[in-house]
Amino acid sequence: MKKALIINEGFSNNLGDQAIRESMTSLLRDSDFSTDFAYFTNPGMNSMPAYNYLEAGTGAIAPPALSFAKKAKLKLAGLYWIGINYKHIRAKLRKGNYDIVVIGGGQLIESSGKDYPSRFAIAMYWWTLLVKKFTRAKIYIIGVGVGTTFNAKEQSLFSKALSKADLIWVRDSYSKASLFEKFGHKAVLTPDIAFYSGKNRIEEENTNKKALVGITSFNEVFAKYNQPGKTNADYYEEWFAVVKGYLDAGLSVELFYTTITDAAETIAFRNYIKLNYHLELPVAKLSSVNDLKQLYQSASDVYSGRMHALILAMKHQCTVKAYLISQKLKSFHQEYILPGNQPTEYSRKIRGTFNDLMLNNVKP
């Protein structure tokens with residue numbers, strides 16, 4: 001049996017990243033690979049932490065201000081990162097005897113939006129360099145999204161990393177175009193890996209009339225991808241209009257989240273609605289992907305600014321609508337929500353692409 005190392009953000013507190021790890025593992029095992037896993041940006045973490053989203057999210061809304069010393073340190077983050085993680089990466093690669101190393105999925109080709117490099121650029125550079133140094137494995141970058149702009153350091157790090165890849169597979173047309181425009185690399189286009197459901201697996205549809213609304217962190221996400229001008233109160237009013245629309249249509253509404261910062265925003269939004277509109281909105285208690293899946297089994301509609309929250313909802317036969325907070329969500333909306341295709345179609349396409357490109361050695 002061939003052996004694969006999967007590298008992505010699957011141990012993060014983002015339930016979407018955890019779902020990606022599950023789907024990628026299923027895809028490779030369904031294709032007769034044995035698998036190991038490594039955390040892309042934190043290789044020393046060997047197991048999933050127990051995240052308490054609602055408790056941990058308290059006070060997590062506003063990012064801390066960066067001191068001059070911290071900013072200077074971030075500009076040297078590449079050396080700092082490999083100093084901490086080198087021994088973990090080397091041990092994993094030397095021990096594994098891998099046939100392939102799969103990096104992805106997720107929005108891994110992304111910028112910090114600042115003048116220092118993103119942790120994704122740093123991790124991509126060092127992982128690809130050390131895979132080539134310590135193994136004979138082929139490197140497949142699979143199911144990734146590509147950002148819009150990159151600073152000079154990120155441009156250099158990603159360019160060097162991508163040149164070491166044997167195959168690149170992106171999840172939307174914008175990412176394919178951006179990859180070629182920014183880095184000069186061609187890529188295969190196939191749906192996000194989280195759509196993969198495994199062999200003969202179909203989620204059941206339910207008849208409930210319940211909407212789940214997943215507000216996204218204002219500071220961490222909205223402010224990163226949108227021009228300044230909208231206040232936090234403006235943001236909450238926009239989301240309340242969504243809630244009111246579902247309530248007016250006769251649906252009950254429950255708030256949910258897929259990251260710790262989103263959980264903090266959810267609590268703040270709930271309190272805002274209670275104070276200003278005297279409306280009590282329940283908040284889901286989630287600690288794992290399985291909790292999220294069970295929540296979707298109770299819902300008919302899902303509105304979210306997180307792409308993988310929408311993908312999992314689609315897999316559970318929910319009607320989904322996206323808050324178009326970023327280019328990633330706009331591309332997803334255009335290519336995967338508007339066409340109205342069944343998630344099983346996307347799952348079959350993912351498996352077909354994997355078989356053609358990796359098992360049958362068909363070149364893009």
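**Notebook: sheets, crossovers and three residues**

I began with the open sheet, in which four strands are ordered 9-8-10-11 and pair in the parallel sense. At its edges I found strand 9 (252-255) and strand 11 (319-322), each of which pairs on one side only. From one strand to the next I read an average twist of 20°. I note here that the model is predicted.

Inside this sheet I looked up the pairing of strand 8 (residues 210-214) with strand 10 (residues 301-304), which is parallel and has four bridges. Across that pairing, Leu212 has Val302 of strand 10 opposite it. I then checked what covers strand 10 and strand 11, and found helix 12 (residues 307-315) lying across both. Relative to strand 11, helix 12 runs at about 165°.

**Strand 6 and its partners**

I turned next to strand 6 (residues 167-170) and asked which way its side chains point. Leu167 and Trp169 point one way, Ile168 and Val170 point the other way, and all are buried.

I looked up strand 5 (residues 138-146) as a partner: it runs parallel to strand 6, and three bridges join the two. Opposite Ile141 I found Ile168 of strand 6. The connection from strand 5 to strand 6 goes by helix 6 (residues 152-162), and I logged the three elements as a right-handed β-α-β unit.

The chain then goes from strand 6 through helix 7 (residues 173-183) to strand 7, and I logged this β-α-β crossover as right-handed. Strand 7 (residues 188-189) pairs with strand 6 in the parallel sense, with two bridges. For Trp169, I found the bridge partner in strand 7 to be Val188.

**Val170**

I picked Val170 from strand 6 for a closer look. Its relative accessibility is 0%, so I count Val170 as buried. I listed the residues that Val170 touches, leaving out those up to four places away in sequence. Val144 and Val146 are among them, and so are Ser175, Lys176 and Leu179. The list also includes Ala187, Val188, Leu189 and Thr190. I also took a C-alpha to C-alpha distance from Val170 to Glu345: they are 17 Å apart in space and 175 residues apart in sequence.

**Lys138**

Is Lys138 buried, partly exposed or exposed? I count Lys138 as partly exposed because its relative accessibility is 37%, between the 20% and 50% cut-offs. Lys138 lies in strand 5. Beyond its neighbours within four places in sequence, I found Lys138 in contact with Asp99, Ile100, Val101 and Asp166. For a long-range distance I used Leu275, 137 residues from Lys138 along the chain; the two C-alpha atoms are separated by 56 Å.

**Asn14**

My last entry is Asn14, in the loop between strand 1 (2-8) and helix 1 (15-30). Although Asn14 lies in a loop, I count Asn14 as buried because its relative accessibility is 17%, under the 20% cut-off. Where does a polar atom of the Asn14 side chain lie 2.7 Å from a backbone nitrogen? I found that backbone nitrogen at Gly16. Setting aside neighbours within four places in sequence, I found Asn14 in contact with Tyr53, Thr258, Thr259 and Arg306.

Notes: Residues numbered from 1 in each chain as written. Predicted model: local features only at pLDDT ≥ 70, side-chain atom pairs only at ≥ 80, totals over all residues. Heavy atoms only, no water. Buried < 20%, exposed > 50% of the residue type's maximum accessible area, 1.4 Å probe, protein only. Pairing = 2+ DSSP bridges. Right-handed = clockwise from strand over helix to strand, strands pointing away. Axes fitted to C-alpha atoms, helices over the stretch in contact; angles between N-to-C directions. Contact = heavy atoms within 4.5 Å. Polar contact = N/O pair within 3.5 Å; in protein donor to acceptor, adjacent residues only side chain to side chain.
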